[in-house]
Amino acid sequence: MLRLVLVDDHEMVLHGLTAMLAHFDDDVVVVGTATSLAEARRAIDLVVPDIVLSDVRLGRDSGLDLVRELAQTHPTIKVVMLTVYDDEHYLFQALRVGARGYVLKRVDAAELVGHLRRVADGEIAIDAALAGRVAMSAARISSGEFWPGANHGLTQRESEVLALLVAGHSNRGIASTLVITEDTVKTHIRSLYRKLDLQDRGGAIAFALREGLFR
């Protein structure tokens, strides 16, 4: 029997998942739930589950940060993302930081349990609705299509922000160029720092130049 911790910032989702999985109590058991990154840490430390089923977004927190942390603190625990984000770029980000699966919330209970079994057996579980698109996107990224930085998990907007950083623009200048707020610029910068494991503006510029992202 697989022991699960469920992580989602909506209590209703947690209750629904728990009830849904209760019909498969020969296969899985929910041993903890959490609505935030802090709660997830406490629950996981307490029960040390086999699998953590987490949303990508957890209010102000990120499920991807949870994956990164567990790779360091509990490397034997597998993490599967369960999300509404039907986007292969989120999936690539999740796999890059160590997630073992990416499943959409429209999955039914039997399919979800099947995914969890495969993950427990050492496989990577990808929602069938995304699998074909992922294969096509991977081929296009490897051939240099999409925007600069797509193969590093950057969204198109994050790539645009990084290009303007490299060009020497201030946050205000980036906001004016892209017609967005300075707060939104800061959010994009924090996100690309996290994805690229960088600390500051200089590091971001050095990374972009080293990787030849903008020619």
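Arg41 is partly exposed in this predicted model, with a relative accessible area of 36%, and its side chain forms a salt bridge with Glu69, the closest N and O atoms lying 2.8 Å apart. The two partners come from distant parts of the chain, since Arg41 belongs to helix 2 (residues 37-47) and Glu69 to helix 3 (residues 63-73), with their positions 28 residues apart in the sequence. Glu69 is likewise partly exposed, at a relative accessible area of 27%.

Helix 3 also carries a second pair, in which Arg68 and Asp65 form a salt bridge with the closest N and O atoms 2.8 Å apart. Because these two residues stand three residues apart in helix 3, about one helical turn separates them. Arg68 counts as partly exposed at 23% relative accessibility, and Asp65 is partly exposed with a relative accessible area of 23%. Asp65 has a further partner in Arg194, the two side chains meeting in a salt bridge at 3.6 Å from N to O. Arg194 lies in helix 9 (residues 182-196) whereas Asp65 lies in helix 3, so this pair ties together parts of the chain that are 129 residues apart in sequence. Arg194 itself is partly exposed, with a relative accessible area of 27%.

Elsewhere, Asp8, Asp55 and Lys105 are linked in a network of salt bridges. For the model as a whole, the count of salt bridges comes to 10. Side chains of opposite charge can pair when their charged atoms come close.

From the charged pairs we turn to the sheet, which is an open one of six strands, arranged in the order 2-1-3-6-7-8 with parallel pairing. Its edges are formed by strand 2 (28-34) and strand 8 (125-126), each of which pairs on one side only. Strands of a sheet pair through backbone hydrogen bonds, either parallel or antiparallel.

Following the order from the edge at strand 2, one comes to strand 1 (2-7), which is joined to strand 2 by six bridges, the two strands running parallel. Within this pairing, Arg3 stands opposite Val29 in strand 2. The chain passes from strand 1 through helix 1 (residues 11-21) to strand 2, and the resulting β-α-β crossover is right-handed. Five of the six residues of strand 1 are buried, so this strand is largely enclosed by the rest of the structure. On strand 3 (51-54), strand 1 finds another parallel partner, the pairing extending over four bridges, and here the bridge partner of Leu4 is Ile51. Helix 2, the helix that contains Arg41, lies across strand 1, strand 2 and strand 3, and runs at about 165° to strand 1.

Strand 3 continues the sheet by pairing with strand 6 in the parallel sense over four bridges, with Met81 in strand 6 as the bridge partner of Ser54. Strand 6 (78-83) resembles the description of strand 1 in that five of its six residues are buried, so strand 6 too is largely enclosed by the rest of the structure. With strand 7 (residues 101-104), strand 6 again pairs in the parallel sense over four bridges, and in this pairing Met81 stands opposite Tyr102. The route from strand 6 to strand 7 leads through helix 4, and this β-α-β crossover is right-handed.

The sheet ends where two bridges join strand 7 to strand 8, the two strands running parallel. Tyr102, the residue opposite Met81, stands opposite Ile126 in strand 8. Helix 4 (residues 88-97) lies across strand 6, strand 7 and strand 8, and runs at about 150° to strand 7.

Key: Residues numbered from 1 in each chain as written. Predicted model: local features only at pLDDT ≥ 70, side-chain atom pairs only at ≥ 80, totals over all residues. Heavy atoms only, no water. Salt bridge = Lys/Arg side-chain N within 4 Å of Asp/Glu carboxyl O. Buried < 20%, exposed > 50% of the residue type's maximum accessible area, 1.4 Å probe, protein only. Pairing = 2+ DSSP bridges. Contact = heavy atoms within 4.5 Å. Axes fitted to C-alpha atoms, helices over the stretch in contact; angles between N-to-C directions. Right-handed = clockwise from strand over helix to strand, strands pointing away.
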